[in-house]
Amino acid sequence: MYNLLMGYTGGEADTNRMLEHTSDVVRQYVAPSTDGGSTRGPIRTERLLNLPSLVMPETGYDGEPQIARIGRISEIVHSGRNYRYTFIPNPAIDPIPSPRIEAAGNALDISAWEFHRTHWAVKDVDLYRVLDEHVSGARRRPKVLNFPTREFIEPDLVAVMMPFGAGFQPVYEAIRQGVEASGMRCIRADDIWERDHIMDDVLSLIWRARVVVADLSGKNPNVFYETGIAHTLGRDVILVTQTLDDVPFDLRPIRTLPYHNNGEGRQALAEGIDRRLQTLTAASAS
């Protein structure tokens, strides 16, 4: 499924235009009926969050940029006659000229009339598949990194990037203790084996994570590389290290949590991770 925001480009949508041109099956999922019949209940806005989203102006108006943007809705708040929303563009997809979206209208389940009607619909269509198959060159594809852009961010997931080796296992357990104390869950790249190449699993983990913990101890080049990817994707990153001498110059301005690799030090690390995650989740909820 994907959100179609036609004519809404300013962060507010009219309540009366919500779910126009949306199939009954999808309506029942997004706004279940209250009486088992046709009476629609309140919109379950959490089911719209993070769906792939297509945002574009109505077509045919001179002087207005006729481009569509692809991304996701990160926040929806019902306020009086409107829904206020926050749209986050997908950095891997350039703005698309509206005529190219119109040409793919049938595949996107958008009727010709809809391009001239301001509304918010939810379509039972794989948006990214249609873009790949019907809108040539819509996505900029990295030559090396293959980001799993169809996967959603998991709000309780913390990805841990750290050197492998027996000496770091107690550190990982301390990080896990702190993560779980905050009500979240953590995964390290070697905890999963879903793809043939380990880097694909690493990219998937970073992409899906709400927060990334990066242990810079030992100046591990893989951890530095993965930290840069996490920063580029806009993830919250918690840097930890056994010595500040291992923190590269470019990362020195970012606050880092130092720890000693002994029982007392690892306990302090767990508590520090817990506190920082509590702060991050409280900030995102406000």
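User: What share of the contacts in the protein chain with a separation of 6 or more comes from residues 24 or more positions apart?

Analyst: That share is 67%, where a contact means heavy atoms within 4.5 Å. Keep in mind that this is a predicted model: local features need pLDDT of at least 70, side-chain atom pairs count only at pLDDT 80 or more, and totals for chains, interfaces and linings use all residues. Residues are numbered from 1 along each chain as its sequence is written, and side-chain values use heavy atoms, with hydrogens and water left out.

User: How many helices and strands are there in the protein chain?

Analyst: You'll find 7 helices and 12 strands. They're DSSP runs numbered from the N terminus (helices are H or I with at least four residues, strands are E with at least two).

User: Why does asparagine 3 count as buried?

Analyst: Buried means under 20% relative accessible area, exposed means over 50%, and partly exposed is in between (1.4 Å probe, protein chains only). Asparagine 3 comes in at 0%, so it counts as buried. Its place is in strand E1, and, leaving aside neighbours within four places in sequence, its contacts include Leu48, Ile73 and Trp120. For the protein chain of 286 residues, 44% count as buried.

User: What makes E1 mostly covered?

Analyst: E1 spans residues 2-6, and 5 of its 5 residues are buried. Both faces are covered, with Tyr2, Leu4 and Met6 on one side and Asn3 and Leu5 on the other. Side chains in a regular strand alternate between the two faces of the sheet.

User: How do you know that E1 is joined to E7?

Analyst: Two strands pair if DSSP finds at least two bridges between them. E1 and E7 (residues 119-123) have 5 bridges, so they pair, and they run antiparallel. Methionine 6 stands opposite histidine 119 in E7. E1 also has 4 bridges to strand E3 (residues 52-56), so those two pair as well, this time parallel. There, methionine 6 has methionine 56 as its bridge partner.

User: Why is phenylalanine 164 called partly exposed?

Analyst: Its relative accessible area is 47%, which is why phenylalanine 164 goes into the class between buried and exposed. Phenylalanine 164 lies in the loop between E8 and helix H4 (169-181). Leaving aside neighbours within four places in sequence, phenylalanine 164 is in contact with Arg188, Ala189 and Asp190. The C-alpha atoms of phenylalanine 164 and aspartate 190 are 8.5 Å apart, although 26 residues separate them along the chain.

User: And what makes aspartate 126 partly exposed?

Analyst: Aspartate 126 has a relative accessible area of 32%, so it falls in that middle class too. Its place is in the loop between E7 and helix H3 (127-134). The C-alpha atoms of aspartate 126 and leucine 108, 18 residues apart along the chain, are separated by 8.2 Å.

User: What makes helix H5 mostly covered?

Analyst: H5 covers residues 198-208, and 8 of its 11 residues are buried. Among them are Asp201, Trp207 and Arg208. The cover includes strand E8 (154-161), strand E9 (185-188), E10 and helix H6 (221-232).

User: How do you know where the largest pocket is, and which residues lie nearest its centre?

Analyst: Rolling a probe the size of a water molecule over the atoms shows where empty space is left. On a 1 Å grid over the protein atoms alone, a pocket is an open set of points where a 1.4 Å probe fits, with protein on both sides within 12 Å along at least five of seven lines; lining residues have an atom within 4 Å of a point. By that test the largest pocket has 30 lining residues, with Asn50, Arg72, Ser74, Ile88 and Ile153 nearest its centre. Strand E4 (67-79), strand E5 (82-89), strand E10 (209-215) and helix H7 (263-285) each give two or more residues to this lining, and E4 gives the most, with 4.

User: What volume does the largest pocket have?

Analyst: About 890 Å³. A volume here is the space filled by probe spheres set on the grid points, which are joined across faces, edges and corners. The second largest pocket holds about 340 Å³, and its lining includes Val237, Thr256 and Arg275.
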